[in-house]
Amino acid sequence: MASSMISLGSTSLLPRDINKDKLKLGTSGSNPFPRTKSLSRVTMSVAAKPSRFEGITMAPPDPILGVSEAFKADTNELKLNLGVGAYRTEELQPYVLNVVQKAENLMLERGDNKEYLPIEGLAAFNKATAELLFGAGHPVIKEQKVATIQGLSGTGSLRLAAALIERYFPGAKVLISAPTWGNHKNIFNDAKVPWSEYRYYDPKTIGLDFDGMIQDIKEAPEGSFILLHGCAHNPTGIDPTPEQWVKIADVIQEKNHIPFFDVAYQGFASGSLDEDAASVRLFAERGMEFFVAQSYSKNLGLYAERIGAINVVCSSADAATRVKSQLKRIARPMYSNPPVHGARIVANVVGDAAMFGEWKAEMEMMAGRIKTVRQELYDSLVSKDESGKDWSFILKQIGMFSFTGLNKAQSDNMTNKWHVYMTKDGRISLAGLSMAKCEYLADAIIDSYHNVS
């Protein structure tokens, strides 16, 4: 127990002429302590008690969000933040879509309230997000074979699915691409779902190791979950071709695996909602059962609103009803129900023909700016690098990210010498790059690639 000690000076706490037994404050109206006497200094020392949290160690900084923290602390005017995947304007400022502002104004005009949503989220949002993903007239929609509930963006939606896997597919393993988005492994680890990696990135070609991918999927235990990036693979920006997607679907179907799509960039990768959903729709057309997690952080710029969904495509409407009931059961003790603001934005935009058209135009604009920056970076690398290195992989990649092929030491040089902040696996976010900064970035990449081993 903690010990304490009170140290008193020469004057007693109570004057000697006061009868302690008769001391009753507030009854006689007189002060029992003479004004001529004063208490001397009282000191107290308390022994420190060991914290109950001594066993909790310091967690390492997040590999992505930690980059932003380091960037903010840098005072160099040339600094570039190419770590976090968030769209920026040519002036490198955050961008709020015009259509989002219109949708918010509509909510104010209607006087929408802030009441709790049901556990599964906003019905209009769930309808809209499933139709965006599969197409409004798709059989899985018409036949009510999709269990959809609103999740806390892509991360929360993935986490709900992981909990469902842990509960109803005990021992099943999830295969994750090597490399993948940094949070995928955290999600499955916390859900206590075992995972392993399948080959994806080929460092020799800075392209897709398709043969290795197919072999690893074939050799996985039957009934494994195969995590796939629907479009704009994060972190590499390398996607299978349409023909390769067909082969991937063939192998997954042959091995009785369960596909699990992460769709974080629909419409934002190519500028087309339909083109970016083609991989998911291919699997739906084959009558397969699978998971799809969605996010609206990128394509509508709703980063902080945490808006997404988990969809489970089932073989029957009855199965979808049961799956949805269990997803709701999992969500209830996690967060009770999801946020309404962003869900209404999505529902309003998709539900209004004029706003929907404006959204598609803004997505094309954002995707187009990234493509233009990608081309400018490639041109700068080619014009400045006299070694003859082939930089064409920059153009073959898609979406907001580019996998540069730089190793950790070279990525450290990018930051320490050039003040370019990026993840240590060599990934850069082209969404955080402007045309004016392309030459500077090219200089940094060339220096790091050729002068740092």
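Me: Is Cys 438 buried or exposed?
Reply: Buried means under 20% relative accessible area, exposed over 50%, partly exposed in between (1.4 Å probe, protein chains only). Cys 438 has 0% relative accessibility, so Cys 438 counts as buried.

Me: What pLDDT do side-chain atom pairs need here?
Reply: Residues are numbered from 1 along each chain as its sequence is written, and side-chain values use heavy atoms, leaving out hydrogens and water. The model is predicted: totals for chains, interfaces and linings use all residues, local features need pLDDT of at least 70, and side-chain atom pairs count only at pLDDT 80 or more.

Me: How many disulfides does the structure hold?
Reply: A disulfide is a covalent bond between the sulfur atoms of two cysteines. The test here is a pair of cysteine sulfur atoms within 2.5 Å. By that test, the number of disulfides is zero.

Me: What is the relative accessible area of Cys 231?
Reply: Cys 231 is another cysteine to check. Cys 231 is buried because its relative accessible area is 6%.

Me: In what order do the seven strands of the open sheet stand?
Reply: Strands are DSSP runs (E, at least two residues), helices are runs of H or I with at least four, and both are numbered from the N terminus. Two strands pair if DSSP finds at least two bridges between them. The pairing in this open sheet is mixed. The order is S4-S12-S11-S10-S9-S5-S6.

Me: Which strands stand at the edges, and why is one side of each left without a neighbour?
Reply: An edge strand here has a single partner strand, so one side is left without a neighbour in the sheet. This applies to S4 (146–152) and S6 (195–199).

Me: By how many degrees are neighbouring strands of this sheet turned against each other on average?
Reply: Axes are lines fitted to C-alpha atoms, for helices over the stretch in contact, and angles run from 0 to 180 degrees between N-to-C directions. For this average, direction is ignored. The turn is 25 degrees.

Me: How many bridges join S4 to S12?
Reply: S4 and S12 (residues 307–313) run antiparallel. Val 146 stands opposite Val 313, and Thr 148 stands opposite Asn 311. The number of bridges is seven.

Me: Which residue in S12 is the bridge partner of Phe 291?
Reply: S11 and S12 also pair in the antiparallel sense, over six bridges. In S12, the partner of Phe 291 is Val 312.

Me: How many of the residues of S12 are buried?
Reply: Both faces of S12 are covered. One side has Ile 307, Ala 309, Asn 311 and Val 313, and the other has Gly 308, Ile 310 and Val 312. The buried count is seven of seven.

Me: At about what angle does H5 run to S11?
Reply: H5 (residues 153–168) lies across S4, S5 (174–178), S9 (225–229), S10 (258–263), S11 (290–295) and S12. The angle to S11 is about 155 degrees.

Me: How do H8 and H10 cross: right-handed or left-handed?
Reply: The axes of H8 (residues 242–254) and H10 (residues 278–285) come within 10 Å and cross at roughly 40 degrees. That makes H8 oblique to H10; angles under 35 degrees count as roughly parallel, over 145 as roughly antiparallel, 65 to 115 as roughly perpendicular and the rest as oblique. A crossing is left-handed if the near helix is turned anticlockwise from the far one by less than a right angle, and right-handed if clockwise. H8 passes H10 in a crossing that is right-handed.

Me: Which residues in H10 do those of H8 meet?
Reply: Contact means heavy atoms within 4.5 Å. H8 contributes Trp 245, Val 246, Ile 248, Ala 249 and Ile 252. In H10 they meet Ser 279, Leu 282 and Phe 283.

Me: What is omega for the cis peptide bond between Asn 234 and Pro 235?
Reply: Pro 235 is found in the loop between S9 and H8. A cis peptide bond also joins Ala 178 and Pro 179, with omega about 5 degrees. For Asn 234 and Pro 235, omega is about 25 degrees.

Me: What is the relative accessibility of Ser 153?
Reply: Ser 153, in helix H5, has a positive phi of about 60 degrees although it is not a glycine. Gln 144 also has a positive phi, about 55 degrees, but is exposed at 59%. Ser 153 counts as buried, at 2%.

Me: How far apart in space are Gly 223 and Asn 256?
Reply: Gly 223 lies in the loop between H7 (210–219) and S9. Not counting residues up to four places away in sequence, Gly 223 touches Lys 255, Asn 256 and His 257. Gly 223 and Asn 256 are 33 residues apart in sequence, but the C-alpha to C-alpha distance is 5.3 Å.
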